[in-house]
Amino acid sequence: MITQRRSSDQAIRILILSKESQFIDQFYRIAGEDPSLFITCHTARLNEVVSLAYQRRSGIILVDFRVTDQLTALVGKLREALPDKVIIVAIPITDVEKARQALLAGANGFVNMPLEANETAKIIKQTYSVEQKRLQKIVGEANRQDDRRGQVIVVFSAKGGAGTTTLAVNMAVSLQVYERQHVLLMEGSSLPGDLRTFLNLKPTQTLAGLVQKHQTDNLSAILGAVQLHASKLQVLLNTEDFDESAVFVRELLQMIDTARGEFDAVVVDAGSLADPHSGSLLEYADVLLLVTEPTLPSLHRTAQFLLAANRNHFNVGKVQLILNKVGARGSIDIDSITNTLQMDFAGVIDFDDRLANNATNNGVPFVLGEKNSRITRQVRYIAHLIAAQNQSPPAPPANAEVNRLLGRLNQLFSRKETIPMTGVA
Ligand SMILES: Nc1ncnc2c1ncn2[C@@H]1O[C@H](COP(=O)(O)OP(=O)(O)O)[C@@H](O)[C@H]1O
Ligand SMILES: [Mg+2]
């Protein structure tokens, strides 16, 4: 049994995915010789790799090709689930085709088998360094200094059906039309989205198409794929075809990062937290609009998200809570939520199923079709708030403030019987 020395903070942290003890030992030996490499753990269980990678803060997933019969599928799945990790595959030196397939599926590099200690360590370090620089460029704060960098507003919910797409669409149109911004609206979830229905658009080009043509960092190609809505809002849709190759989150981030130089704001419909894209989008966003319904399941999930986010040192300050469907039958009334919890919402939107359904059925956002309605005024208010922040970014709320809110949310779920319900039959 080989004992691993203690990790240094600077070391590259490697998770080994293999069932071959000889291979695993060899790697512990290579890392033992090189203080810049650290093995965080090894496993042969495919279904625990993702959680282990995050738990052990591994930067590299090293995949032994023998761990599965379907290497390409495995690499593809890891790529999607671990967008910010470097994937390196160990493959026999003679099997060029396998290496090519692994790279196409999203691996960042490969090491040749049989392993040669110096060469293997060198390749791992090189691949990691190149990939880190690229990731920092896409996700990092450090490179946000270009002259014009539109605000990236990600709309999402902790639970589907809360009104994420409704808010994203009406927000984007409001920013474009009423706040006179130059706005791009994009689909951000991994599955085909609903923007085409909400806006009555027929895409000629899609996000998936840009990925297939390897043009995710080509500004003119991206602008060429944009659809112009009657409101002058520009829209990038995803494919309608569930079978068409998926957009990986790093490609999505690259497209957003490339496009934002051209716009005042990029609004992304990220769907619900269940979507595998949501984690990276949340990290990347400047503003997060978290849509909640006044129902216990929705409030509960929202609170769980905020608690988890806070525990994991996520910047909760950029989250703005929006309460949608206020006054829907059977929901918890807003006074109870605000009085009991003193929960602060950046905006509220009433329940109005007639207007909401009409808008989707006709493909005309209600902020355009029902200009004088109450829900239009409410969404425009939120848009105005966000636009104002675009001019002068707000100081993030003090930690104490966030903790108070989280404390109150926590209480809601331990004492939920104290909350008066309305409309319960
Ligand atoms: N304020 C509202 N009042 C009434 N119905 C709404 C409201 N907002 C959204 N809806 C309806 O709720 C359903 C889900 O909305 P949608 O925006 O598709 O949610 P999500 O994108 O979060 O799944 C749709 O039928 C929509 O018309
Ligand atoms: Mg949606």
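Biologist: What makes up the largest share of the shell around ligand 1?

Modeller: In this predicted model, the helix α14 gives four residues, the largest share of that shell. A residue belongs to the shell if its C-beta atom, placed from the backbone, lies within 6 Å of the ligand. There are 19 residues around ligand 1, and G163, T164, T165, T166 and A356 come nearest. The elements that contribute two or more residues are α6 (164-177), β12 (319-326) and α14 (353-362).

Biologist: How do you know where to find these residues and ligand 1, and which parts of the model are used?

Modeller: Residues are numbered from 1 along each chain as its sequence is written, while chains are lettered from A and ligands numbered from 1 in the order in which they are written. As the model is predicted, local features need pLDDT of at least 70 and side-chain atom pairs count only at pLDDT 80 or more, whereas totals for chains, interfaces and linings use all residues.

Biologist: How many residues of each class does the shell around ligand 1 have?

Modeller: The shell has five nonpolar, ten polar and four charged residues. Here Ala, Val, Leu, Ile, Met, Phe, Trp, Tyr, Cys and Pro count as nonpolar, Asp, Glu, Lys and Arg as charged, and the others, Gly among them, as polar.

Biologist: What makes a stretch of chain a helix or a strand, and how many of each does the protein have?

Modeller: Both are DSSP runs numbered from the N terminus, with at least four residues of H or I for a helix and at least two of E for a strand. Counted in this way, the secondary structure comes to 17 helices and 13 strands.

Biologist: Why is P203 called buried?

Modeller: A residue is buried if 20 or more other C-beta atoms lie within 10 Å of its own, exposed if 12 or fewer, and partly exposed in between. P203, in the loop between α7 (195-199) and α8 (207-212), has 20 other C-beta atoms within 10 Å and therefore counts as buried. Leaving aside residues up to four places away in sequence, P203 touches R196, Q227 and L237, where touching means that the C-beta atoms, placed from the backbone, lie within 7 Å.

Biologist: Why is N200 called partly exposed, and why is H214 called exposed?

Modeller: N200, in the loop between α7 and α8, has 15 C-beta neighbours inside 10 Å, so this residue falls in the middle class. H214, in the loop between α8 and α9 (219-225), has 10 other C-beta atoms within 10 Å, so H214 is exposed.

Biologist: What makes the backbone of N200, of H214 and of the bond from M113 to P114 worth a second look?

Modeller: Most residues other than glycine have a negative phi, and most peptide bonds are trans. N200 has a positive phi of about 50° without being a glycine, and H214, not a glycine either, has a positive phi of about 55°. The peptide bond from M113 to P114 is cis, with omega near 0°, and P114 lies in the loop between β5 (109-113) and α5 (117-139).

Biologist: Why is β11 (residues 287-292) called mostly covered?

Modeller: Six of its six residues are buried: V287, L289 and V291 on one side, and L288, L290 and T292 on the other.

Biologist: How do you know that β11 pairs with β12?

Modeller: Two strands pair if DSSP finds at least two bridges between them. β11 and β12 have five bridges in the parallel sense, with T292 opposite L323 in β12, so they meet the rule for pairing. Five bridges also join β6 (residues 151-157) to β11, again in parallel, and V155 has L289 as its bridge partner.

Biologist: Which strands are the edges of the open sheet of eight strands?

Modeller: The order is β8-β9-β7-β10-β6-β11-β12-β13, with mixed pairing. β8 (227-228) and β13 (347-350) are the edge strands, and each pairs on one side only.

Biologist: Why is the unit of β4, α4 and β5 called right-handed?

Modeller: The word applies if, with the strands pointing away from the viewer, the path from the first strand over the helix to the second runs clockwise. The unit made by β4, helix α4 (residues 96-105) and β5 is of this right-handed kind. β4 (residues 86-92) and β5 pair in the parallel sense over five bridges, and I91 stands opposite N112 in β5.

Key
Contact = placed C-beta atoms within 7 Å.
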